[in-house]
Amino acid sequence: MNHIVKLRRSFRTLVILLATFCLVSIVISAYYLYSDHKQAIVLIETSTQAGCGDMNMLPYRTMEVKLTKPIDITKTDLTILLFVESQYSQLGQDIVAILESSRFQYDIVIAPGKGDIPPLTKDGRGKYAIIIYENVLKYVAMEGWNRELLEKYCVEYSVSIIAFHKATENSLPSTKLKGFPLLLYNNVALKNYFVNPNSPLLHITRASTVEKGPLPGEDWTVFQYNHSTYQPVILSELQTPEHHEYSLSRSSHHATVIQDLGLHDGIQRVLFGNNLNFWMHKLIFIDAISFLSGKKLSLSLDRYILVDIDDIFVGKEGTRMNVNDVKVRLFNWEAV
């Protein structure tokens, strides 16, 4: 009988010890989980408060370098196809001015509403190396057959797309682009822009470009996405985030220009959240053409300075240069 009582007491003690051990384990686990979570929150809050120059501290997964599909436009002519809203649209004229000053060949077409797109191939060869849309909404709203034909051409011939979205007073607060894991927030005021130094398309644009202060206008569009194919090119901050009514992400930096690396559907794109009035967009636009054409349509980094000195030879008597003056200046230039 005594043995049975002792066994019961031992069993009861063992159960109590096991229960106590489990409770202690739960408490310890909860403590470490809470500590890790708290550290993660502190890290994110610290990162979002980092300055524009602290690029490695930004809470952007897309700041990491990703591999892109090599661009091979050997099967296409070095010509750009430009879809414009009308022949009088301002953005379309700005794009044409840049293409002409860069001596890039292009064809300009009114973006079709429901009509057919122009022929994209000739004798088995692609006619266009890059396709530009003045209005990205014209691209996403294309008839299914035409859009399928255009995107099939882009995939088969390694052709990329550049598109712009300029918000108006009639634009909805947010826009979902059909067929893309992408959301656009319209008519926002921004400040403090900087260039993502890890963007692979930079050529003329300096990666360290940072500028404090408000961006011109309050009609900017910022991009939000949930896919690794997108990478920011230019980021900025909201001027008054506490008064913003849209459900923007907690990140303090928002992309105004993004690059689609082609990981979603095999087509690389660059999307602008405004027009070309902002000087930085002009540089990024030229760099985008360079990158998406595999450097075939690219501007040289060499720069030349033209000094006009003819007036000093035809000026008033007593102010004209003589032979000795020229020799002195020539000697100084050679010394430099």
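Of the contacts in the chain with a separation of 6 or more, 75% are between residues 24 or more positions apart, where contact means heavy atoms within 4.5 Å. The model is predicted, so local features need pLDDT of at least 70 and side-chain atom pairs count only at pLDDT 80 or more, while totals for chains, interfaces and linings use all residues. Residues are numbered from 1 along each chain as its sequence is written, and side-chain values use heavy atoms, with hydrogens and water left out.

The chain has six helices and 14 strands; these are DSSP runs numbered from the N terminus, helices being H or I of at least four residues and strands E of at least two. Of the 336 residues in the chain, 40% are buried. Buried stands for under 20% relative accessible area, exposed for over 50%, and partly exposed for values in between (1.4 Å probe, protein chains only).

**Cores**

In soluble globular proteins, nonpolar side chains tend to be buried together. The largest nonpolar core here has 40 residues, and those with the most contacts inside it are Ile95, Ile132, Ile162, Phe164, Ile284, Phe285 and Ile289. Such a core is a set of buried Ala, Val, Leu, Ile, Met, Phe, Trp, Tyr and Cys residues joined through side-chain atoms within 4.5 Å. Helix α5 (residues 279-292) gives the most to this core, with eight residues. Apart from neighbours within four places in sequence, Ile284 is in contact with Leu201, Leu202, Thr205, Val233, Ile234, Val257 and Phe272. A second, separate core has 30 residues, among them Ala111, Tyr128, Tyr157 and Val159.

**Packing of α2 and α5**

The axes of helix α2 (residues 90-101) and α5 come within 11 Å and cross at roughly 60°. Axes are lines fitted to C-alpha atoms, for helices over the stretch in contact, with angles from 0 to 180 degrees between N-to-C directions. α2 is therefore oblique to α5; angles under 35 degrees count as roughly parallel, over 145 as roughly antiparallel, 65 to 115 as roughly perpendicular and the rest as oblique. The contact is made by Ile95, Ile98 and Leu99 of α2 and by Lys282, Phe285, Ile286 and Ile289 of α5. These residues divide into six nonpolar, no polar and one charged. In this division Ala, Val, Leu, Ile, Met, Phe, Trp, Tyr, Cys and Pro are nonpolar, Asp, Glu, Lys and Arg are charged, and the others, Gly among them, are polar.

**Individual residues**

Glu151 is found in helix α4 (residues 144-157) and is buried, with a relative accessible area of 17%. Leaving aside neighbours within four places in sequence, the contacts of Glu151 are Tyr139, Ile267 and Arg269.

Thr229 lies in the loop between β11 (220-225) and β12 (230-238) and counts as buried at 0% relative accessibility. Not counting residues up to four places away in sequence, Thr229 touches Gln259, Asp260, Leu261, Gly262, Leu263 and His264. Thr229 and Ile258 are 29 residues apart in sequence and 9.9 Å apart in space, C-alpha to C-alpha.

Most residues other than glycine have a negative phi. Two loop residues with a positive value are listed below.

| Residue | Phi | Loop | Relative accessible area |
|---|---|---|---|
| Arg103 | near 60° | between α2 and β2 (105-110) | 76%, exposed |
| Asp123 | about 55° | between β3 (121-122) and β4 (125-126) | 76%, exposed |
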